[in-house]
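Me: I'm new to this one and would like to learn how to read the way domains meet. Can you walk me through it?

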Amino acid sequence: MTWETVIGLEIHVQLNTQSKIFSGSSAAFGALPNAHAGVVECALPGVLPVFNRAVAEKAIKLGLALNATINRKNVFDRKNYFYPDLPKGYQISQLALPIIEHGKLEIVVGEQVKTINVTRAHMEEDAGKSVHEGLNGATGIDLNRAGTPLLEVVSEPELRSAAEAVAYAKALHGLVTWLDICDGNMAEGSFRIDANVSVRPQGSSEFGTRCEIKNLNSFRFLEQAINYEVERQIELIEDGGKVIQQTRLFNPDTGETKAMRSKEDAHDYRYFPDPDLLPIIISEQQLEKARAEMPELPQEMAARFENQFGVSAYDARLLTASRAQAAFFESAAQSSQQGKLVANWMNGELAAALNKAGLELAQSPIDAARLAALVGKIADGTLSSKLAKTAFEKMWEESDATIDEIIERHGLKQMTDSGAIEKIIDEVLANNAKSVEEFKAGKDKAFNALVGQVMKASKGKANPQQVQELMRAKLQ
């Protein structure tokens, strides 16, 4: 039987406000345990929550970017469950009236573009954290994270592979960092993913029983966890078993998911409106302010890059994967007036070098100005494409050197003197009589072989176009 994978993602986006969602306690990461746990987070008797206006302002920006419905009236609910890192015994969240509904997010998987519907995004507070390490078998509770503001973004179950799930997660990650509403630091828990995974016979309209894989904090783990879970469910069903709805955890060391608990539904949490918080009403003035503050969005910028710099739609999408990437490209393209060349080098040599070195773009030894200078030397004929690759490698190693210094220091200037090139061609023709005869007999490969010999003799410095023109003239 052929099986179809069905995936929906719930992604917790931690908003980068200075204070927490219902108190003035610091939301900064990295403090000593419980240093940022105030009376609200500790649930001391008699304390009341006060809503942080900045949380709604950041949520509105995401709603606008997703072209979603932004609900003017927002009600907070209590999600009741007991866990040691939740002192109140409930989490303040949103159920019936989330701030965002019915959005859309475009993803790219290979060459395929697909639009995924976003069901909702609701505001809520984060819980604390149980700490097990270094406590001699005991468990400690750190409430620094308790009360940090989250947007839980829920997709429709429209993702059909781990690759699509990763593309969606990356697209949302790129969007929230682009909007500057989240720092996107997955290692610190600023962007955490829960994956709901099920399988069904190909062509079936009925959903299978889903399992939720909790707290995935890297795109690689997301892909591995989904692929393992899909195989597990298919094997279980084909062996005559039955998938049980449950929450599972992914173990990166084994590459497996393990059952954590049976999966709860909304009614298990006994939601009810929080009596301590009034409804949040979003005014037209707040919406207009948010619209005015919105940056140029990735799709809009990609379209502009196509028109302004002549890059392909595929390259434009890659270049707008992040604001840092887009800013780097625009700076280099404007400086060099060579948009296509800059795009090719950014998406090719530069991307490969950064990946090999394990560096982010901001850490690149070759910044936008230096890449523009390199591309300029290619455009004016100073460097051939082969010499440019050597120059790039030297620029990477010698981060304080200009492109002119690199060319001079390593003798990389392209040979464009026709007389000097002709002399090399004459020597090659004299030493390769067989290839000359094969060319005259109609074998085009012989011509390429002769050109290759000239490039080898010139140590890659001869202008390839000049070599071909002069070679063809002599042979004819």
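Me: Which domains does the domain assignment give for the protein chain?
Reply: This is a predicted model, and the assignment splits the chain into domain 1 (3–286), domain 2 (296–410) and domain 3 (418–475). Let's stick with the first pair: the C-alpha centres of domain 1 and domain 2 lie 36 Å apart. Their contact involves 11 residues from domain 1 and 12 residues from domain 2.

Me: How do I read the area buried between domain 1 and domain 2?
Reply: Interface size is often given as the accessible area lost when the parts come together. Here, domain 1 and domain 2 bury about 870 Å² between them, with carbon and sulfur atoms giving 64% of that.

Me: Which three residues supply 65% of the area that domain 1 buries against domain 2?
Reply: Those are E106, E111 and W178, and no other three residues supply more.

Me: How many salt bridges and polar contacts does the rule find across that interface?
Reply: For salt bridges, the count between domain 1 and domain 2 is 0. For polar contacts, the rule finds 3 residue pairs, both residues being at pLDDT 80 or more.

Me: Which elements give two or more residues to domain 1's side?
Reply: Look for β6 (100–109) and α2 (162–178) on the side of domain 1 that touches domain 2. The largest share comes from α2, with 4 residues.

Me: And what classes of residue does that side have?
Reply: On the side of domain 1 that touches domain 2, you'll find 6 nonpolar, 3 polar and 2 charged residues.

Terms used
Residues numbered from 1 in each chain as written. Predicted model: local features only at pLDDT ≥ 70, side-chain atom pairs only at ≥ 80, totals over all residues. Heavy atoms only, no water. Domains from an automatic or database assignment. Contact = heavy atoms within 4.5 Å. Buried area = accessible area lost by both parts, 1.4 Å probe. Salt bridge = Lys/Arg side-chain N within 4 Å of Asp/Glu carboxyl O. Polar contact = N/O pair within 3.5 Å; in protein donor to acceptor, adjacent residues only side chain to side chain. Nonpolar A, V, L, I, M, F, W, Y, C, P; charged D, E, K, R; others polar.
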